[in-house]
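Hi,

Here is the model I said I would send over. Have a look at it first, and my notes on the backbone follow underneath.

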Amino acid sequence: MNRRTEIMRRIFARVRLEPCEALGTPCWLWQGPRSGSGYKGHEAPKKGRGHGYGRMSLDGQTVAVHIVMWVCEHGYLPGKKQLDHLCPNRHCCNPAHLDPVSHLTNQKRRAARQAQALAVAQLSPPA
Ligand SMILES: [Zn+2]
């Protein structure tokens, strides 16, 4: 088994598939540890930047699972590109749900999503 296959098998062993209506292909939800202070997979995700991304150990280094998966699929991530999640799950590592974009594009998209979420929240009557 080559290294790439071995890494992908390690990831798939801890992934749970969940249908994603928006994208049509399932989310690959990482069940292992996630980024954020002391945050484990079974706890509610924390909000904020840098929180909630899948983390794994590779050669003693802690790495982001979605980036590892992207590199396994595409070979490399172009310099200065960030992986934007097209689905709402930060711990999803389906390469089809990840879009390599510039930092600026990523920031603009994040701001647009936050504005949209706020608008939806204001439209929805409290339960
Ligand atoms: Zn997804």
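Let's start in the loop between helix H2 (65–74) and strand E5 (81–85), which is where Lys80 is found. Bear in mind that this is a predicted model. Lys80 caught my eye for its backbone: phi is about 70°, a positive value, although the residue is not a glycine. Most residues other than glycine have a negative phi. Is Lys80 buried or exposed? Lys80 counts as exposed, because it has 8 C-beta neighbours inside 10 Å and the cut-off for exposed is 12 or fewer.

There is another residue of this kind, in a hairpin. Strand E3 (residues 55–58) and strand E4 (residues 61–64) run antiparallel and are joined by four bridges. If you want a place to get your bearings in that pair, Arg55 stands opposite Ala64 in E4. Two residues sit between the strands of the hairpin, and Asp59 lies in that loop between E3 and E4.

What is the phi of Asp59? It is near 55°, so here too a residue other than glycine takes a positive value. As for its surroundings, Asp59 has 5 C-beta neighbours inside 10 Å and therefore counts as exposed.

When you open the file, I'd go to the loop with Lys80, between H2 and E5, and then to the E3 and E4 hairpin with Asp59.

Cheers

Terms used: Residues are numbered from 1 along each chain as its sequence is written. This is a predicted model: local features need pLDDT of at least 70, side-chain atom pairs count only at pLDDT 80 or more; totals for chains, interfaces and linings use all residues. Two strands pair if DSSP finds at least two bridges between them. A residue is buried if 20 or more other C-beta atoms lie within 10 Å of its own, exposed if 12 or fewer, and partly exposed in between; C-beta atoms are placed from the backbone.
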